[in-house]
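Student: I should like to work through this structure with you by question and answer. May we begin with the model itself?

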Amino acid sequence: MPRTDRLSADEVWYNNYIKYPVNVKYDKIDDLNATIVVDIAKEDYEQKVNDEVKKLQKKVVLKGFRQGKAPMAMVNKMYGKSILADELNSMASKKLNEYITENKLDILGYPMSSDTLESKIDLESNEEFSFAFDLGLAPSFELKIDKKDKLPLYKLEVTKTEIDKDIAHAREQSGDMEVVDVSEGEDIIYAFATELNEDGNALEGGVEKATISFVANMIEDKKLQKKFLGLKAGDTLNANIKKVFNDNETVISNTLAMPKEGVNDLNDSFTIEVTEVKRRTLAELNEDFYKNMFGAEDFPKNEEEYRDRVKANLERYYANEAQTWLDHEIGDYIIEKHGLNLPDNFLKRWLQASNEKEYNAENIDERYAKEREALVRRLIVEKVAEKEEIKANAEDIKEEASIYFVSMYRQYGMNASIQDAFIAETVEKKLKEREFVEQMGDRVVYRKVYDAIKQIITLKEKKTSIEKYYKMVNEHKH
């Protein structure tokens with residue numbers, strides 16, 4: 001949820017045509033809610049409307065008249081109300097925006113037509129008009145963060161077991177695939193899958209001998225998982241194809257090369273005919289392997305050095321994990337610490353009005369809770385940023401964008417770095433998009449603010465095992 005979304009009309013005509021002050025009345029209902037009424041008299045808009053009608057008269061073509069020769073009264077009768085409505089809305093928006101800016105009102109969301117005060121905008125019977133708006137105000141508060149606040153900074157201990165696991169995984173990923181006689185849990189089973197009818201025969205018009213592959217240990221149904229252990233090429237068994245792929249419609253549709261919409265129409269029972277079983281062998285710990293892991297220029301010269309390098313990498317990884325978790329804890333802590341009130345009813349109404357597809361009466365309470373949390377956190381972050389004079393400059397944003405894309409590409413298995421030319425090219429292209437720049441700017445400010453908070457509060461280092469750490473994190477997320 002954006003913090004503010006103020007009007008930004010740019011009517012150049014305003015200073016040229018408005019000779020009489022539009023009356024604006026502000027009423028602060030409470031600390032979080034207010035109303036603004038914009039009263040517009042005939043003398044405020046009359047000249048502008050007349051001028052616009054004259055401009056239109058020169059352009060409009062009406063039946064029976066040449067262009068620019070239609071009577072003014074006829075043009076005014078046909079288009080005057082529409083022009084008046086546009087000018088009134090533009091003028092009301094302009095004055096609303098000016099009042100908010102000049103009086104430095106810190107608003108949330110976007111001013112909305114009031115649901116408590118009646119606007120007077122009957123174009124048929126009125127010459128004077130009133131536009132009533134409801135405003136949600138940001139809460140006024142002081143920061144409550146100091147050295148007395150304490151949070152744990154976890155230090156995860158990298159044990160021999162963790163190093164062994166990491167090395168085993170690396171060796172497996174770098175190993176070759178070989179055909180084996182009998183399947184084990186981690187082996188890849190290749191098979192033909194044929195859809196069966198109720199009689200246990202091949203379904204006419206159904207899936208026939210589709211080529212599939214899967215790993216037994218990835219099947220969540222433990223009983224079914226055991227059926228695929230100890231199999232060899234040529235073995236056949238019946239199984240629920242949907243459970244083989246854990247009821248994942250996307251995986252099933254891709255595996256059987258069919259539209260996702262057709263997955264629900266599949267019969268569960270399939271014949272699985274094993275065609276081949278392959279096992280990944282572990283790569284040897286040798287110079288080629290070390291070069292593959294660390295590059296040809298700076299690779300470990302022996303197993304001991306390799307293990308030390310793996311340990312150092314793991315320690316850096318888990319230190320970063322601990323910092324990421326600390327950021328999460330800080331985000332939760334500052335919300336709990338400040339306990340801010342918001343104009344909740346106004347914001348719920350604003351969310352539904354601004355995005356009807358996303359928010360409605362049935363889901364607004366549940367979805368607003370998440371939006372509210374993010375907004376409160378943002379208000380506190382902005383307060384810290386203001387106090388600590390934290391800003392995101394162009395260089396910060398560019399660096400953040402580079403980090404963002406490196407992280408994204410690495411998630412897809414690409415060994416990207418900030419120095420890569422394609423990263424720089426991608427960043428330059430995206431930095432031309434205003435929304436992306438704002439997004440990266442926010443990331444910079446949040447990161448700097450959280451770093452500042454770490455200097456303000458007291459961090460207590462807490463050693464723990466990796467197993468206990470992830471158990472704690474998962475329980476918290478749950």
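The exchange below concerns overall form, salt bridges and surface patches.

Tutor: This is a predicted model, in which local features need pLDDT of at least 70, side-chain atom pairs count only at pLDDT 80 or more, and totals for chains, interfaces and linings use all residues. Residues are numbered from 1 along each chain as its sequence is written, and side-chain values use heavy atoms, with hydrogens and water left out.

Student: What radius of gyration does the chain have, set against a compact globule of 478 residues?

Tutor: The radius is taken over C-alpha atoms, and the globule rule is 2.2 Å times the number of residues to the power 0.38. The C-alpha trace spans about 95 × 70 × 45 Å along its principal axes. For a compact globule of 478 residues the radius would be near 23 Å, but the chain has 33 Å.

Student: Which residue forms a salt bridge with arginine 307?

Tutor: A salt bridge is a side-chain nitrogen of Lys or Arg within 4 Å of a carboxyl oxygen of Asp or Glu. The closest N and O atoms of the pair are 2.8 Å apart, and the partner of arginine 307 is aspartate 164. Arginine 307 lies in helix 9 (residues 303-338) and its partner in helix 4 (residues 160-174), so the pair ties together parts 143 residues apart in sequence; helices are DSSP runs of H or I, at least four residues, and strands are runs of E, at least two, numbered from the N terminus. The partner asked for is aspartate 164.

Student: Is glutamate 400 buried or exposed?

Tutor: Buried means under 20% relative accessible area, exposed over 50%, and partly exposed in between (1.4 Å probe, protein chains only). Glutamate 400 forms a salt bridge with arginine 443, with closest N and O atoms 3.4 Å apart. Arginine 443 is partly exposed because its relative accessibility is 32%. Glutamate 400, at 6% relative accessibility, counts as buried.

Student: Which residues make the nonpolar surface patch of about 250 Å²?

Tutor: Patches are made of residues with over 30% relative accessible area and no salt bridge; like charges are joined within 9 Å, and nonpolar side chains (Val, Leu, Ile, Met, Phe, Trp, Tyr) within 5 Å. Phenylalanine 65 lies in the loop between helix 2 (42-59) and helix 3 (72-102). Since its relative accessibility is 31%, phenylalanine 65 counts as partly exposed. The patch is made by Phe65, Met74 and Met78.

Conventions: Areas by Shrake-Rupley, 256 points an atom, 1.4 Å probe, with all protein chains shown as cover.
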